[in-house]
Amino acid sequence: MSVGNESSNQPATTPIEKVRGALLRYRTLAWITGVWLLLLVAEVIAKYGFGVDNFGWVGIVHGWIYFAYLIFTVDLAIKVRWPLGKTVATAIAGTIPFLSFYFEHIRTKDVKQNFNV
């Protein structure tokens, strides 16, 4: 069963189950990325504000999680046919503290509304 996307005026060819799965993966990684980004901010404050240099691994973990976030963002974007600008803005949201939480909310609302997920 395919569902149309009224906002893009293009016929959708992605089954609703695949959209639902891609949305769940995107939402999960958006939250995980956001939490690790906040931990990275705390690490930077601890390092440069208080001289604590014991958390060098936080940036590495956030980098790998952000990479997975990018993959799942592109996967969702392809399935729901987001324009390039929307996809890039959503990808960049994982690099600015708190923005991934906000983008997850608005993108989820948009996908659920357009695809009746």
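What follows is a dialogue on reading a predicted model of one protein chain.

Colleague: Where should I begin, and what does the secondary structure of the chain come to?

Modeller: Begin with the elements and their order, keeping in mind that this is a predicted model. The secondary structure comes to four helices and zero strands, and along the sequence the pattern reads α-α-α-α. Of the 117 residues of the chain, 36% count as buried, and among contacts between residues at least 6 apart in sequence, 67% join residues at least 24 apart.

Colleague: Which residues in the largest nonpolar core touch the most other members?

Modeller: This core has 20 residues, and those touching the most other members are Tyr26, Tyr69, Leu76, Val80, Trp82, Val111 and Phe115. Helix 1, helix 2 and helix 4 each supply at least two residues of the core, while the largest share, eight residues, comes from helix 1. For a closer look at one member, take Trp82, which, leaving aside neighbours within four places in sequence, is in contact with Thr73, Leu76, Ala77, Thr87, Thr90, Arg107, Asp110 and Val111.

Colleague: Which residues are buried in helix 3, and what covers them?

Modeller: In helix 3, which spans residues 84-92, the buried residues are Thr87, Thr90 and Ala91. They lie on the same side of helix 3, because they cover an arc of only 100° around the axis. What covers the buried residues of helix 3 includes helix 1 (16-50), helix 2 (57-80) and helix 4 (99-115).

Colleague: Is Tyr66 buried or exposed, and which residues does Tyr66 touch?

Modeller: The value to compare with is the cut-off, since buried means under 20% relative accessible area. Tyr66, found in helix 2, has a relative accessibility of 18% and therefore counts as buried. Not counting residues up to four places away in sequence, Tyr66 touches Thr33, Ala91, Ile92, Gly94 and Thr95. Tyr66 and Ile32 are 34 residues apart in sequence, and their C-alpha atoms are 8.8 Å apart in space.

Colleague: Turning to the surface, which residues make the nonpolar patch?

Modeller: Ile60, Trp64, Phe67 and Ile71 make a nonpolar surface patch of about 470 Å². Phe67, whose place is in helix 2, has a relative accessible area of 46% and so is partly exposed, that class lying between the cut-offs of 20% and 50%. For the chain as a whole, the accessible surface comes to about 6800 Å², of which 69% belongs to carbon and sulfur atoms.

Conventions: Residues numbered from 1 in each chain as written. Predicted model: local features only at pLDDT ≥ 70, side-chain atom pairs only at ≥ 80, totals over all residues. Heavy atoms only, no water. Buried < 20%, exposed > 50% of the residue type's maximum accessible area, 1.4 Å probe, protein only. Arc of directions from axis to C-beta. Contact = heavy atoms within 4.5 Å. Patch = residues over 30% accessible without salt bridge, like charges linked within 9 Å, V, L, I, M, F, W, Y side chains within 5 Å. Areas by Shrake-Rupley, 256 points an atom, 1.4 Å probe, with all protein chains shown as cover. Salt bridge = Lys/Arg side-chain N within 4 Å of Asp/Glu carboxyl O. Core = buried A, V, L, I, M, F, W, Y, C linked by side-chain atoms within 4.5 Å.
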